[in-house]
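Me: I am new to this protein and would like to learn how to read its features. Please take me through them in order.

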Amino acid sequence: MRPVGTIRVAFRVIGAAAVGGLALVQASGMARGEEPSLKRLAPKGLLIGAALNARQVDGGDPVSLDIVMRQFNSISPENVLKWGAVHPAPDRYVLEPVDKYVTLGKEHDLAVIGHVLVWHQQTPAWVFAGEGGGRADRDTLLSRMRTHIQTIVGRYRGRIHGWDVVNEALDDDGTLRKTPWLEAIGPDYVAKAFEYAHAADPAAELYYNDFNLWKPAKREAAIRLVRELRAGGLKVDGVGEQAHWGVGEPPLADIEKTISAIASGTGVKVLLTELDVDVLPRDPDMWGADLSKKATIRATTNIYPNGLPDAQQEELARRYADIFSLVLKHRAAVSRVTFWGVTDAQSWLHDFPIPGRVNYPLLWDRQGQPKRAFDAVVEVLKAAR
Ligand code: G3I
């Protein structure tokens with residue numbers, strides 16, 4: 001394994017408050033190399049992953065990469081594999097960042113995840129455009145989908161462990177989301193995507209990925225969808241619950257119900273694919289990750305601009321401990337937990353659902369120092385060994 005980064009000593013922030021503009025720090029005395037490692041503590045068969053952004057893939061964030069190499073055994077691409085990034089024009093593919101991402105993962109023996117093949121977000125307008133200016137017809141769109149999947153999945157055949165084939169095809173009420181894919185192709189666009197992905201790399205794992213699967217109607221719809229795909233002879237290996245959660249929402253019991261129901265209802269793996277815990281207030285309708293929704297509450301909810309107070313730090317730690325206890329309880333069903341980022345410096349939650357807030361959703365702070373939440377997850381993993 002090639003060493004990445006050279007961080008030697010970990011510092012702990014005492015409390016979170018910045019005093020006179022300077023955070024109080026104290027050397028913990030623990031060399032980062034001695035820090036407990038999530039991937040080593042996790043039970044056999046449970047992958048622990050993190051999403052990497054373009055800068056990290058490019059080597060521009062050695063602090064995060066150092067954490068990744070020590071702590072994780074799987075990586076997901078936060079953005080570089082989305083259609084708009086990788087295939088911005090019909091005859092133009094931007095493959096260099098993806099090549100780097102895949103090479104990084106393979107060199108360091110990480111399970112490399114592909115995210116995402118078919119989604120209604122981040123898909124350029126040309127994909128859905130018809131010749132005469134309207135919407136492309138079914139055959140045109142299927143042909144574009146097949147070409148995209150063949151090219152991308154085919155290029156990384158044997159090197160990408162598993163693909164999020166279709167992302168967010170369902171609405172919270174359990175109906176198929178009204179996307180251009182659905183409208184132009186019809187409901188079988190989901191099956192077609194799985195068919196093309198399997199043809200392009202028969203050995204790769206294939207997943208259906210969505211958020212808010214803890215909501216009963218959506219959960220049942222996802223289970224039905226996967227059962228139908230499998231009954232139709234298609235390979236589906238897992239369901240990804242994105243796990244964009246808050247400190248109090250959704251209730252743990254609903255998360256547990258979701259893990260159990262997906263496992264028993266589909267027989268495929270359950271994955272927590274985009275775990276982060278929002279500590280800021282949110283309108284209840286805004287739970288999940290529907291990027292088309294507009295915030296209805298305002299910047300007065302940016303309540304921890306200068307650091308997360310101790311009490312909330314503890315609350316976050318308890319939430320993460322609860323989530324990991326649940327994962328361990330259901331370890332036969334859950335095969336991967338991936339965090340949607342590495343440190344708090346890198347999180348979409350600073351801008352969703354309200355832009356410009358300061359959030360604290362991950363296990364490492366902005367400086368790359370482990371938070372109380374990291375210790376809590378370590379304690380849970382250790383106790384189960
Ligand atoms: O790359 C451009 C850059 O050139 C430009 O200067 C900049 C200006 O805003 O934007 C950059 O693109 C942004 C991109 O992230 C890379 O930073 C997009 O505006 C921004 O919309 C995009 O947000 C991503 C979002 O998906 C939409 O793709 C988030 O980083 C990413 O965390 C988020 O991830 C999604 C999962 O894929 C699916 N599940 C929900 C999850 C959270 O929304």
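The dialogue below goes from the whole protein to single helices, loops and residues.

Me: What kind of model is this, and how are residues numbered?

Reply: This is a predicted model, in which local features need pLDDT of at least 70 and side-chain atom pairs count only at pLDDT 80 or more, while totals for chains, interfaces and linings use all residues. Residues are numbered from 1 along each chain as its sequence is written, and side-chain values use heavy atoms, with hydrogens and water left out.

Me: How many helices and strands are there in the protein?

Reply: Helices (H or I, at least four residues) and strands (E, at least two) are DSSP runs, numbered from the N terminus. The protein has 13 helices and 11 strands. Its radius of gyration is 21 Å, close to the 21 Å that the globule rule gives for 385 residues, so the protein is as compact as a globular protein of that length. The radius is taken over C-alpha atoms, and the rule is 2.2 Å times the number of residues to the power 0.38. Along the principal axes, the C-alpha trace spans about 65 × 45 × 40 Å.

Me: What share of the residues is buried?

Reply: Buried means under 20% relative accessible area, exposed over 50%, and partly exposed in between (1.4 Å probe, protein chains only). Here 57% of the 385 residues are buried. As for contacts (heavy atoms within 4.5 Å), residues 24 or more positions apart account for 78% of those with a separation of 6 or more.

Me: How many charged side chains of each sign are there?

Reply: Lys and Arg count as positive and Asp and Glu as negative; His and the chain ends are not counted. The place of a charge is taken as NZ of Lys, CZ of Arg, CG of Asp or CD of Glu. On that basis there are 47 positive and 47 negative side chains, and the centres of the two sets lie 3 Å apart.

Me: How do I read a helix, and which residues of α10 are buried?

Reply: An α-helix has 3.6 residues a turn, so residues three or four places apart point the same way. The expected span of a helix is 1.5 Å times one less than its number of residues. Helix α10 (residues 216-231) has 16 residues and reaches 22 Å from its first C-alpha to its last, close to the 22 Å expected. The buried residues of α10 are K218, R219, A221, A222, I223, L225, V226 and L229. They pack against helices α9 (189-200) and α11 (252-266) and strands β7 (205-210) and β8 (238-241). Just after α10, G233 takes a positive phi of about 90°.

Me: What span does α12 reach?

Reply: Helix α12 has 20 residues and reaches 28 Å from first C-alpha to last, close to the 28 Å expected. Its buried residues include Q313, R319, Y320 and F324.

Me: Which backbone angles should I look at?

Reply: Most residues other than glycine have a negative phi, and most peptide bonds are trans. D109 has a phi near 60° and lies in the loop between α5 (96-107) and β5 (111-118). At 65% relative accessibility, D109 is exposed. Q122 has a phi near 55°, in the loop between β5 and α6 (125-128); at 43%, Q122 is partly exposed. The peptide bond from E249 to P250 is cis, with omega near -10°, and P250 lies in the loop between β9 (244-246) and α11. The bond from F352 to P353 is also cis, with omega near -5°; P353 is in the loop between β11 (334-339) and α13.

Me: Is F374 buried or exposed?

Reply: F374, in helix α13 (residues 372-383), counts as buried at 1% relative accessibility. Leaving aside neighbours within four places in sequence, F374 is in contact with E35, P36, L38, Q71, L363 and W364.

Me: What does P281 touch?

Reply: P281 lies in the loop between β10 (269-278) and α12 (310-329) and is partly exposed at 32% relative accessibility. Not counting residues up to four places away in sequence, P281 touches I297, T301, I303 and R357. The C-alpha atoms of P281 and G246, 35 residues apart along the chain, are separated by 8.7 Å.
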